[in-house]
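Visitor: I should be grateful for a close look at a single part of this structure. Please describe that part in connection with its surroundings.

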Amino acid sequence: SPAGMALSVVVILLLSMLYEAVKMGKAVLLRRALLALPHSLSQETLVEPEEGDTSPTQGRCHPTLTIPRSFHRWFRYHVGQTLFHVVQVVLGYMVMLAVMSYNAWIFLGAIAGSTLGYFV
């Protein structure tokens, strides 16, 4: 029916727009993750035991490695990026399956949604 086809085109248009929004959100999250990335894991993150320290690490020949707070922040961003990626892949496959129906209106809805999603 014409109403069902129009509804299908609108749904595909919205899915395509959502795909573009997720793609942009993932890029923003990547930028934030790169800013939260620790500069290096060199001398500043290695803690030497003190002379009067009676901890069990005294006597070891290796210094203790502590994980900086910036790494935890980066890790949270990375988990967020992973979730965004999964959503992006699922949406992409859904739109691809709709386009593979070889219906010109569905194809135009996907193109229009992608265009509008990128523009917005």
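Guide: The following account concerns helix α1 and the residues that it brings together with other parts of the chain.

The model is predicted. Its protein chain contains three helices and two strands, arranged from the N terminus in the order α-β-β-α-α. Helix α1 comprises residues 2-36. Within that range, residues 6-22 carry the UniProt annotation "transmembrane region", which comes from an unreviewed entry. In the model this span is 100% helix and 0% strand, and its end C-alpha atoms are 24 Å apart.

The nonpolar side of the description begins with the largest nonpolar core, a set of nine residues: Val9, Ile12, Leu15, Val22, Leu91, Val95, Ala98, Ile106 and Ala110. Three helices, α1 (2-36), α2 (69-99) and α3 (104-119), each contribute at least two of its members. Helix α1 provides the largest share, namely four residues. One of the core residues, leucine 15, illustrates the contacts involved: when residues up to four places away in sequence are set aside, leucine 15 touches Leu91, Met94 and Val95. Of these partners, Leu91 and Val95 are themselves listed in the core.

Helix α1 also holds a charged pair. Glutamate 20 lies in this helix, and its relative accessible area is 4%. Because buried means under 20% relative accessible area, glutamate 20 counts as buried. Lysine 23, by contrast, has 33% relative accessibility and therefore counts as partly exposed, since that class lies between the 20% and 50% limits. The two residues form a salt bridge, with their closest N and O atoms 3.2 Å apart; the count for the structure comes to one salt bridge. Their side chains are likewise joined by a polar contact of 3.2 Å. Lysine 23 and glutamate 20 are three residues apart in helix α1, so about one helical turn separates them.

Beyond its partner in the helix, glutamate 20 touches Ser114, Gly117 and Tyr118, again with residues up to four places away in sequence left out.

Some values for the chain provide the wider setting. Buried residues account for 20% of the 120 residues. Of the contacts with a separation of 6 or more, 78% are between residues 24 or more positions apart. The exposed area of the protein chain is about 9,000 Å², and carbon and sulfur atoms supply 70% of that area.

Technical notes: Residues numbered from 1 in each chain as written. Predicted model: local features only at pLDDT ≥ 70, side-chain atom pairs only at ≥ 80, totals over all residues. Heavy atoms only, no water. UniProt positions renumbered as here; feature names shortened; annotations may be inferred. Core = buried A, V, L, I, M, F, W, Y, C linked by side-chain atoms within 4.5 Å. Buried < 20%, exposed > 50% of the residue type's maximum accessible area, 1.4 Å probe, protein only. Contact = heavy atoms within 4.5 Å. Areas by Shrake-Rupley, 256 points an atom, 1.4 Å probe, with all protein chains shown as cover. Polar contact = N/O pair within 3.5 Å; in protein donor to acceptor, adjacent residues only side chain to side chain. Salt bridge = Lys/Arg side-chain N within 4 Å of Asp/Glu carboxyl O.
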